[in-house]
Amino acid sequence: MSTKPPQTWAEISEAAKRAVPDGTWIHCPACNASLFHRALEANLWVCPECGHHFRLDAVRRIETLVDPDSFEPMDEDLQAVDPLSFVDLKAYPDRIKQARAKTGQRDAVRTGHAYIHGRRVVLAAMDFSFLGGSMGSVVGEKIARACEAAEAGDLPFIIVSASGGARMMESGFSLMQMAKTSAVLSRFHEMGGLYISLLADPTTGGVTASFAMLGDVILAEPGALIGFAGPRVIEQTIRQKLPEGFQRAEFLQDCGFVDRVVARGDLRAEISAIIDYTGK
Amino acid sequence: MTTAAGYRFSLPFDEPVEQLEDQIAALRALPDADRMGEELTQLETGRDAMLRKIYSSLSAWDTVRVSRHPSRPQTRDYIKMICRDFRELHGDRQFGDDPAIVCGFGRIGQRKVMIVGHQKGSTTQEKIRCHFGCAHPEGYRKALHKMQLAEKFRLPIVCLVDTPGAYPGMKAEERGQAEAIAFNLREMSRLETPIVSCVIGEGGSGGALGIAVADRVAMLEYSWYSVISPEGCAAILWKVANDETNRSAADALHLTAAQNLKNGLIDDVVPEPLGGAHRAPDRAGEALAAWIDRSLGELEDVPPVTLRRHRYDKFRAMGRVGTVQDDPESA
Ligand SMILES: [Zn+2]
């Protein structure tokens, strides 16, 4: 029996870069501009024409947020089991396998230590491309362990959320991850820990209704969809179209639930400033 | 069966039973009913046998249907049945008073408690006012406000869960539905007073969990508790919600009381009277009161700090994860 050793972070990040071949053109879904892949990457995946923030997978998120080569992953070996033998049109283990093959991620969050402008932090970055960033037991457990690591090291804890909500295929187990992550954050809060929650597009459902909304400071990327219920569910309930901009980051800031909407290029400076203000 | 709203409602699998019940009622109504003793006993025995057979092998989807029976007792019914001197407490002190969550002081047995429960509504008017048990953020904030009041004066908290889910509407979003639930989850995990929570009907997702982070969690025998309703799950994963896919989703979600107990997500199942709580609400109330009494009895002498540590440890341990080492193929 041979197990492949877990990849190093350098290999993981290199593989992610190779996944898009050189010379690829990418279409901006907001303004229709055709953008050269390299230029988009250099601009942190923000459309230089209209400012649209492309969704980032966990690897790109980490690469764009932390100091180069500073990320030290933790709990990379954790992976989903199928506690309910869940089968819908597909079996859950097959969905997991496909998501792994498609994304190169083991589950919908990566966690680890890193530096941001020289400040040591614990970071959790969710990955919407992995089963819609859904929170099952692995996501809940990794968030909980990352929070405990932040507590143990008296480090700032940062979660970048991007999720459609709880993972249905783990039913009650995934529901309880909401209680679990909130409880762990409760303890971190009591210990005086700094938790910065960064909401990326999209953040909805059980993730919003647990750790995403519990930040000491809550930041959001421009235009990010943030809500409890998804827009389609609300439209079905009220039987009308939602107004433009409803549930977007700027709207949540107006409603009082987001501290600051921050453009991707400013996030490192923003986060390090907050860390400095709190003395963490 | 005739509901509080005055219409007749029958679950399809209940129909043969109700035919027998109609016959029993007709016999009883006869002027010489007392001479029909033997026939009555026979009919009643037949009915009970039929009920036992049907209700011991309900499918998950049929359990969901029982949990939504319009005559099933709701939070206000249980308060009337099991609680003396109820003093309702309104409002979240911030925005308003959500009728979808009922709170108040009450006495259950020998104990003074704080009661917090979802209310779906019995009459059409009440249902509309309560949004069919779907609370708004002010409902969750009211619940937490009253729970913190209970903590201050060392009253144990009794939560009754009965919601298809938190309300998915524009106003709810604008007022921070997600924040309200998240904040309850965080704060309930550290309240220094005993909390017991029982799902009495529907336990839909975060809207249910928002008052269910408790030292003891139970479900009535024919209630359901899950991350999403079977219809919601069917619509997403099966692409369409119909009778067939709802049944499949209900099975897949493992949402029954027995399944949640087996998975370690709840602590107890509270048995319902034969044929479900809607057939004998008073006996459902007795069973619920007995569970509350027993659970609070187990918790009342635990020091508050220990209590919250145990509660923390219980939820911290929830979830099932594997490792690459368990499954080398996946590396
Ligand atoms: Zn653009």
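These notebook entries record what I looked up in a predicted model.

**Entry 1. Chain B as a whole**

I began with the secondary structure of chain B, which holds 14 helices and nine strands. I then looked up its radius of gyration, which is 21 Å; the globule rule gives 20 Å for 331 residues, so chain B is as compact as a globular protein of that length. The C-alpha trace of chain B spans about 65 × 60 × 40 Å along its principal axes. Of the 331 residues in chain B, 50% are buried. I also looked up how far apart in sequence the contacting residues of chain B lie. Among contacts with a separation of 6 or more, 70% join residues 24 or more positions apart.

**Entry 2. Helix 4 of chain B**

I next took helix 4 of chain B, which runs over residues 75-82. Its buried residues are Thr75(B), Asp77(B), Tyr78(B), Ile79(B) and Ile82(B). I asked which elements these buried residues pack against. They meet strand 1 (84-88), strand 2 (101-108), strand 3 (111-118), strand 4 (157-163) and strand 5 (195-204) of chain B, together with helix 13 (281-299).

**Entry 3. Where chain A touches chain B**

I counted residues on both sides: 51 of chain A are in contact with 49 of chain B. On the chain A side, strand 4 (78-80), helix 5 (137-153), helix 6, helix 7 (205-208) and helix 8 (231-238) each supply at least two residues. Helix 6 gives the largest share, 15 residues. By class, I find 30 nonpolar, 16 polar and five charged residues on this side of chain A.

I also looked for strand pairing across the two chains. Strand 4 of chain A pairs with strand 9 (residues 321-323) of chain B, antiparallel and over three bridges. Within this pairing, Leu78(A) has Thr323(B) as its bridge partner.

**Entry 4. Gln177(A)**

I chose Gln177(A) from helix 6 of chain A, residues 171-190. Is Gln177(A) buried or exposed? It has 29 other C-beta atoms within 10 Å, and a residue needs 20 or more to count as buried, so Gln177(A) is buried. Beyond its neighbours within four places in sequence, Gln177(A) is in contact with Met135(A), Ser137(A), Val139(A) and Gly140(A), and with Gly319(B) of chain B. I also looked up its separation from Cys31(A): the two residues are 146 residues apart in sequence and 38 Å apart in space, C-alpha to C-alpha.

**Entry 5. Leu219(A)**

Leu219(A) sits in strand 9 of chain A, residues 217-220. I find 25 C-beta neighbours inside 10 Å, so Leu219(A) counts as buried. Leaving out residues up to four places away in sequence, Leu219(A) touches Ile196(A), Leu198(A), Asp259(A), Arg260(A), Val262(A) and Glu270(A). For one of these, Val262(A), I looked up the spacing: its C-alpha atom is 6.6 Å from that of Leu219(A), although 43 residues separate them along the chain.

**Entry 6. Nonpolar cores**

The largest nonpolar core has 166 residues. The residues with the most contacts inside this core are Leu199(A), Val116(B), Cys159(B), Cys198(B) and Leu220(B). Helix 6 of chain A contributes its largest share, eight residues.

I followed Leu220(B) further. Apart from neighbours within four places in sequence, Leu220(B) is in contact with Cys198(B), Val199(B), Ile200(B), Ala257(B), Val270(B), Glu272(B), Ala277(B) and Ala284(B).

I closed with a second, separate core of five residues, which includes Leu35(A), Leu40(A), Trp45(A) and Cys47(A).

Technical notes. Residues numbered from 1 in each chain as written. Chains lettered and ligands numbered in written order. Predicted model: local features only at pLDDT ≥ 70, side-chain atom pairs only at ≥ 80, totals over all residues. Helix = DSSP H or I, 4+ residues; strand = E, 2+ residues; numbered from the N terminus. Buried ≥ 20, exposed ≤ 12 C-beta atoms within 10 Å, placed from the backbone. Contact = placed C-beta atoms within 7 Å. Rg over C-alpha atoms; globule rule 2.2 N^0.38 Å. Nonpolar A, V, L, I, M, F, W, Y, C, P; charged D, E, K, R; others polar. Pairing = 2+ DSSP bridges. Core = buried A, V, L, I, M, F, W, Y, C linked by C-beta atoms within 7 Å.
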